[in-house]
Amino acid sequence: MLANYGYKDASGDFFITIDTDKCDGCGNCVPACPVGVFEVLDEDPNDPMRDEPVAVVSGEKKKKLKYECNPCKPDSDRPALPCVAACGEGAISHSW
Ligand code: SF4
Ligand code: SF4
């Protein structure tokens, strides 16, 4: 399942998508993000039948992703976003 966290405003769409079919709850994305966008929950708020932990975007962060992520991008010295690079399962994507 694709879990979308974020918002759109006049300047664009600012969503982080976590593919929960790929996410194994490893937690690598949590320390990789310098501003604490991610957390891993034991229970998936979108899928009560899920047995394993899953990453989500933290509550207050999802309303200001454009600003939280701005220092990470775009940066030619940093070819991959830290969160995307940290996720060996390829579960994290950004809309912008
Ligand atoms: S690094 Fe990827 S697989 Fe691991 S918890 Fe984060 S999103 Fe899930
Ligand atoms: S782009 Fe940077 S600030 Fe945004 S979620 Fe990824 S690691 Fe965190």
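Start by selecting ligand 1 in this predicted model. Around ligand 1 sit 15 residues, and those that come nearest are Cys 23, Cys 26, Cys 29, Ala 55 and Cys 87. Colour this shell by class. You will find 10 nonpolar, three polar and two charged residues.

Stay with Ala 55 and select its strand, E4, residues 54-57. Are its two faces covered or open? Both are covered. Val 54 and Val 56 are buried on one side, Ala 55 and Val 57 on the other. In a regular strand, side chains alternate between the two faces of the sheet.

Next, add strand E3, residues 38-41. E3 and E4 run antiparallel, joined by four bridges. Opposite Ala 55 of E4 you will see Val 40.

Now move to ligand 2. Its surroundings include Ala 32, Cys 33, Pro 34 and Val 35, along with Cys 69, Cys 72 and Cys 83. Glu 68 and Leu 81 are also among the residues there. By class, this shell has 10 nonpolar residues, one charged and no polar. Show helix H2 (65-69) and helix H3 (82-86): each gives the shell at least two residues.

Finish on Ala 32, one of the residues around ligand 2. Ala 32 belongs to helix H1, residues 29-32. Why does Ala 32 count as partly exposed? It has 17 C-beta neighbours inside 10 Å, and a residue is buried only from 20 or more, exposed at 12 or fewer.

Which residues does Ala 32 contact, beyond its neighbours within four places in sequence? Select Pro 82, Cys 83 and Ala 86. Ala 86 is 54 residues away along the chain, yet the two C-alpha atoms are separated by 6.4 Å.

Definitions and conventions
Residues numbered from 1 in each chain as written. Chains lettered and ligands numbered in written order. Predicted model: local features only at pLDDT ≥ 70, side-chain atom pairs only at ≥ 80, totals over all residues. Near = placed C-beta within 6 Å. Nonpolar A, V, L, I, M, F, W, Y, C, P; charged D, E, K, R; others polar. Pairing = 2+ DSSP bridges. Contact = placed C-beta atoms within 7 Å.
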